[in-house]
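The following exercises concern strand pairing, helix packing and nonpolar cores. Each task is followed by a worked solution.

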Amino acid sequence: TQAPQSRTFEADVAKLLHLMVHSVYSDKDVFLRELVSNAADACEKLRYEALSHPDLLGEDQKGAIRITLDPDNGRLTVADNGIGMSAEEMIEALGTIARSGTRAFVERLETAQQAEGSQLIGQFGVGFYSTFMVADKVEVFSRRAGSQAANVWVSDGKGAYSVAAVNLEDAPERGTRVVLHLMEDARSYAEAHTVERLIKTHSGHVPVPIFLADKPDAEPREISDGAALWARPKAEIAAADYTDFYRGVAGQFDEPALTIHFRAEGRQEYTMLAFVPGSRPFDLFDPQRKARMKLYVRRVLISDEADLLPGYLRFMRGLVDSADLPLNVSREMIQESPLLAAIRKAVTGRVLSELEKLSTADAGAYAKVWDNFGAVLKEGLYEDFERRDALLGLARFKTTSSGGEWRSLKDYVAGLKDNQTAIYYLAGDDARRIETSPHLEGFRARGIEVLLLADPVDSFWVTSALGYEGKPFKSVTQGAADLALIPLLDKPEEAAPDVSSAVAAYLAFAKSTLGEDVSDVRASERLTSSAVCLVAPEHGMDKRLEQILAGAGK
Ligand code: ADP
Ligand code: MG
C-alpha cells in the first residue's frame with residue numbers, strides 16, 4: 001500500500017463545507033437520503049453498463065444497498081454493489097463540485113444571507129457533502145466494477161482529503177462503502193429506529209432494495225423492497241407514496257401540485273409517472289432549459305435527462321418507463337429513435353390535457369400552478385405551434401378587470417363588448433407601470449378588458465399568435481383602436497372626438513414641430529384624463545417588443 005495522497009478541496013467545496021458544518025437551522029436528516037440516492041444511482045449505472053458488458057455483474061447480479069449501524073461507536077455505513085469509483089473518479093466526484101445542482105446552489109449562496117443559506121441546504125440536499133453535517137470523519141471505500149484495485153477516500157471535511165489504495169479485502173467486492181464517524185450530537189443516526197424511519201419516509205421508493213443491520217454483527221433485514229412504484233397498480237398506491245416518490249425524484253421537499261400516472265398500451269407500451277412540483281425548482285430558468293425526466297427501458301435507467309418533454313414543460317419531474325425501446329443500443333441512439341419521438345409527442349399531449357383537467361376540476365390549485373410556471377408554459381406559445389391552441393386555453397392573465405386574479409381567454413372572450421373585434425393587451429416589464437398606463441384610459445372608460453402582460457416572453461408570443469376563437473390579439477399601443485364604436489360606460493352617446501378648430505390648429509403645430517420624429521399627431525378616443533400618449537402605428541411593431549429588440553442590440 002502506498003502512502004495516502006493529501007489534497008485540498010476546490011474553493012467552492014470548502015465554502016460549501018464550511019456552511020454545512022455551521023448551519024444550525026438546516027434539516028440534517030437529508031444526508032441519509034443523499035447517500036442512499038447515490039448508492040441507488042451507482043446500482044442503476046452498473047445495470048446500464050452491464051447491458052453492453054454483462055461480465056461486470058458476475059455472480060452478484062442484483063443491486064442492493066446495505067446499511068450497517070454501530071451504535072456503540074457512533075458509526076453509520078452505507079454500502080452498495082453498484083458501479084464503484086476509481087481513484088481518479090473519487091478525486092473528481094468528491095473533491096470538486098461537478099453536479100449542476102450543487103453549482104447552482106453555490107451560486108445562490110453567494111447572494112443569500114447566512115440564515116437563508118442554512119435553510120437552502122435543506123431545500124437542495126446538496127449531495128454527498130451533506131454527510132459533513134453529521135460526521136467529523138467520512139471514509140469512502142470503493143472498487144470500480146471490473147477493476148482489480150480498490151481505494152479509500154478520507155476527510156474530516158475541513159479543507160483537505162486524502163486518497164489511498166487499499167487491499168481488496170478491506171474494500172467492497174464491487175461498489176462503494178461510505179463510513180460516517182458521527183459527531184457527538186448526531187449519534188442518533190446510529191440507532192435503528194431513527195434510520196428505519198428516515199429510510200421509510202425519504203427513501204422508501206428508490207428502485208433498489210435496502211437492507212439494515214442494527215449492529216455490526218446483526219443479520220441484515222430488508223426495510224425497503226426496491227419495487228418500482230410506477231409499475232404498481234394505481235389503486236394500490238397511497239397519496240403519501242406518491243409524495244415520497246416525488247420528493248426523491250424531484251429533490252423537492254414539498255407536495256406535488258399534480259401527479260400524472262398512467263400506462264399506455266397499444267402501439268406503444270410505456271408507463272409515465274410525472275409531477276408538477278408544488279413550488280419552483282431552483283433551476284427553472286437554467287438556460288439549458290432541460291426537463292428533468294428520467295427514461296427507463298424495462299426498469300433499466302437509460303438517462304437522467306431524457307429529451308421527453310419540450311423546454312416549456314421543463315418544470316415537470318418524473319419518468320417514463322418504456323417496454324418497447326431496444327435495450328442494446330446507445331443512449332444517443334435511443335434519444336433519436338422514432339419510437340421515442342412518438343412517446344415524446346404522446347406524453348407532451350398528456351401533460352397538457354392533465355393540466356387542462358386540473359384547471360376545470362380545481363381552479364384554485366391550477367391558479368397556483370400558473371403562478372409558478374405560467375411564464376415557462378407561455379414559451380410554448382411561440383415554440384410549439386401545433387399546441388398553441390391548447391396552450392392558449394391553459395394560459396391565464398391578469399387584466400384590467402380581473403382584480404389581481406387570473407383570467408382565461410375563454411372568460412375574456414365571453415365578456416367581449418358589442419363591436420369589440422380584438423383581444424386587447426398591454427405589454428411591459430413592470431406590472432405596476434402597465435396597470436397605470438395612460439394607454440388604458442379609453443379602454444377602462446368603456447369597460448373593455450385589457451390583458452396586462454408583464455412577462456418578458458409575452459411580447460414574443462403575442463405578436464405571432466393569430467388570435468383566440470377568431471379574435472386577434474391587439475396591443476393598445478398600436479394604431480387607432482376601434483374605440484369609437486364602443487360607447488363610454490357613463491356616457492353612452494359619446495360623439496366622435498370634437499376636433500374644434502383650436503385643436504386642429506394645435507395638431508398642425510405639434511406635427512410640424514415634431515417633424516420626422518413622429519408619423520402623425522391625432523386627436524384620440526383612448527385618453528380620458530391624460531393629455532397625450534405615444535402610440536405605435538397600426539402595422540408597426542408593438543412598443544414593448546421594440547424595446548426588447550433595441551435592448552438586445554438588434
Ligand atoms: P450527484 O449524486 O447529484 O451527482 P453527489 O454529491 O451526491 O452529487 O455525488 C457526487 C458524485 O459522487 C456522484 O455523481 C458520483 O459520481 C459519485 N458518487 C457518490 N456516491 C457514489 C457511490 N455510492 N457510488 C459511485 N459513485 C458515487
Ligand atoms: Mg447524489
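**Exercise 1.** Determine in which sense strands E3 and E7 pair, and over how many bridges.

Solution. The model is predicted. Locate strand E3 at residues 75-80 and strand E7 at residues 175-182. Their pairing is antiparallel and extends over six bridges. Within this pair, Val78 stands opposite Val178 of E7.

**Exercise 2.** Place E3 and E7 in the order of their sheet, and identify the edge strands.

Solution. The sheet is open and consists of nine strands, ordered E1-E6-E5-E4-E7-E3-E2-E8-E9, with mixed pairing. The edges are strand E1 (5-8) and strand E9 (221-224), each of which pairs on one side only. From one strand to the next, the twist averages 20 degrees.

**Exercise 3.** Which strands does helix H2 lie across, and at what angle does H2 run to E3?

Solution. Helix H2 spans residues 30-52. It lies across strand E2 (65-70), E3, E7 and strand E8 (210-213). Relative to E3, the helix runs at about 20 degrees.

**Exercise 4.** Describe the largest nonpolar core and the surroundings of Val320.

Solution. The largest nonpolar core has 70 residues. Val320 is among those with the most contacts inside it, as are Met293 and Tyr425. Strand E11 (residues 270-276) gives the most to this core, contributing six residues. Beyond its neighbours within four places in sequence, Val320 is in contact with residues including Tyr270, Met272, Met293 and Ile343. A second, separate core of 55 residues includes Val13, Leu16, Ala150 and Ile210.

**Exercise 5.** State the confidence of the model.

Solution. The chain averages a pLDDT of 88, and 90% of the residues score at least 70. The model scores ipTM 0.99 and pTM 0.78.

Terms used
Residues are numbered from 1 along each chain as its sequence is written. Chains are lettered from A and ligands numbered from 1 in the order in which they are written. This is a predicted model: local features need pLDDT of at least 70, side-chain atom pairs count only at pLDDT 80 or more; totals for chains, interfaces and linings use all residues. A nonpolar core is a set of buried Ala, Val, Leu, Ile, Met, Phe, Trp, Tyr and Cys residues joined through C-beta atoms within 7 Å. A residue is buried if 20 or more other C-beta atoms lie within 10 Å of its own, exposed if 12 or fewer, and partly exposed in between; C-beta atoms are placed from the backbone. Helices (H or I, at least four residues) and strands (E, at least two) are DSSP runs, numbered from the N terminus. Two residues are in contact if their C-beta atoms, placed from the backbone, lie within 7 Å. pLDDT is the predictor's confidence in each residue, from 0 to 100. Two strands pair if DSSP finds at least two bridges between them. Axes are lines fitted to C-alpha atoms, for helices over the stretch in contact, and angles run from 0 to 180 degrees between N-to-C directions.
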